[in-house]
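Me: I am new to this protein and would like to go through it slowly, one question at a time. Could you reason each step out for me?

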Amino acid sequence: MIEKEVVDALTMKRAITRITYEIIERHQGIENIVLIGIKTRGIFIAQRIAQRLKALENIDVPVGELDITLYRDDKNKELEEAELHDSAIPVSLEGKEVILIDDVLFTGRTIRAALDAIMDFGRPKRIALAVLVDRGHRELPVRPDFVGKNIPTALTEEIIVEMEELDGKDRVLIYKEG
């Protein structure tokens, strides 16, 4: 496997800042917004966006954590083998503008599962999708509303997002066979 860094820490910070500004521009006021990060790295991205929104708009935007393990259609459904985590949604989603956040958008299956999971917490007014990296190769009709970086890939490549909170540094890597 050949590893190549395609996004460094500064570029990642800029991408998250750009997503934050786009959220502000597309919403007339952010008081009704709830950010929901998909475990694991989506949560860190959501928290960073919330911090930037606080700095820019002086509003505390609620941040939720969503575990989609039991909603996946492409994983083993045996409960004994499923790695379970708790979802933590701090407010009711009824009538809210939810921004679902993930690190990498690939086939769209994670997002489909997340949409199913969100509906168990209430019926939002609207759901938007923000991703740090869109690598293409969709299997489902899923399109992000906010994209930090488009990184076209081959199916044989893998995108790995590393974040300071978990991995000790911010960067995006691409692994290639060969």
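Me: Is His137 buried, partly exposed or exposed, and at what relative accessibility?
Reply: This is a predicted model, and in it His137 is placed in the loop between E5 and E6. Buried means under 20% relative accessible area and exposed means over 50%. His137 therefore counts as partly exposed, since its relative accessibility is 30%.

Me: What is the phi of His137?
Reply: Most residues other than glycine have a negative phi. His137 is not a glycine, and yet its phi is positive, at about 70 degrees.

Me: Which residue in the loop between H2 and E3 has a positive phi although it is not a glycine?
Reply: The residue in that loop is exposed, with a relative accessible area of 59%. Its phi is about 55 degrees, and the residue is Asn58.

Me: Where is there a cis peptide bond?
Reply: Most peptide bonds are trans. One bond with omega near 10 degrees is cis, and it leads into Thr40, a residue of the loop between E2 and helix H2 (41-57). The cis bond runs from Lys39 to Thr40.

Me: How far is Lys39 from Asp67, and what does the side chain of Asp67 contact?
Reply: Asp67 lies in the loop between strand E3 (63-66) and strand E4 (97-105), where it is buried yet has no salt bridge. A salt bridge needs the nitrogen and the carboxyl oxygen within 4 Å, whereas Lys39, the nearest side chain of opposite charge, is 5.8 Å away. The side chain of Asp67 does make a polar contact, at 2.6 Å, with the side chain of Thr69.

Me: Which side chains of E3 are buried?
Reply: In a regular strand the side chains alternate between the two faces of the sheet. Along E3, Val63 and Glu65 point to one face and are not buried, while the side chains that point to the other face and are buried are those of Gly64 and Leu66.

Me: Which residue of E2 stands opposite Val63 in E3?
Reply: Strand E2 (residues 33-38) and E3 run parallel and are joined by four bridges. The residue in question belongs to E2 and counts as buried, because its relative accessibility is 0%. Its C-alpha lies 9.6 Å from that of Ala128, although the two are 93 residues apart in sequence. The residue opposite Val63 is Leu35.

Me: How many salt bridges does the structure hold, and which residue pairs with Arg109?
Reply: Side chains of opposite charge can pair when their charged atoms come close. The structure holds 15 salt bridges, and in one of them the side chain of Arg109 meets its partner at 2.7 Å, N to O. This pair links distant parts of the chain, with Arg109 in helix H3 (residues 109-119) and its partner 30 residues away in the loop between strand E5 (126-134) and strand E6 (146-150). The partner is Glu139.

Me: Which residue forms a salt bridge with Asp116?
Reply: The two residues are four apart in helix H3, so they are separated by about one helical turn. Asp116 counts as partly exposed, at 37% relative accessibility. The closest N and O atoms are 2.4 Å apart, and the partner is Arg112.

Me: Which residues are linked with Glu162 in a network of salt bridges?
Reply: Glu162 forms a salt bridge with Arg171, with the closest N and O atoms 2.7 Å apart, and both of these residues are buried. The residues linked with Glu162 in the network are Glu3, Glu5 and Arg171.

Notes:
Residues are numbered from 1 along each chain as its sequence is written. This is a predicted model: local features need pLDDT of at least 70, side-chain atom pairs count only at pLDDT 80 or more; totals for chains, interfaces and linings use all residues. Side-chain values use heavy atoms; hydrogens and water are left out. Buried means under 20% relative accessible area, exposed over 50%, partly exposed in between (1.4 Å probe, protein chains only). Lys and Arg count as positive and Asp and Glu as negative; His and the chain ends are not counted. A polar contact is a pair of N or O atoms within 3.5 Å; within protein, one must be able to donate a hydrogen and the other to accept it, and residues adjacent in sequence count only if both atoms are side-chain atoms. Two strands pair if DSSP finds at least two bridges between them.
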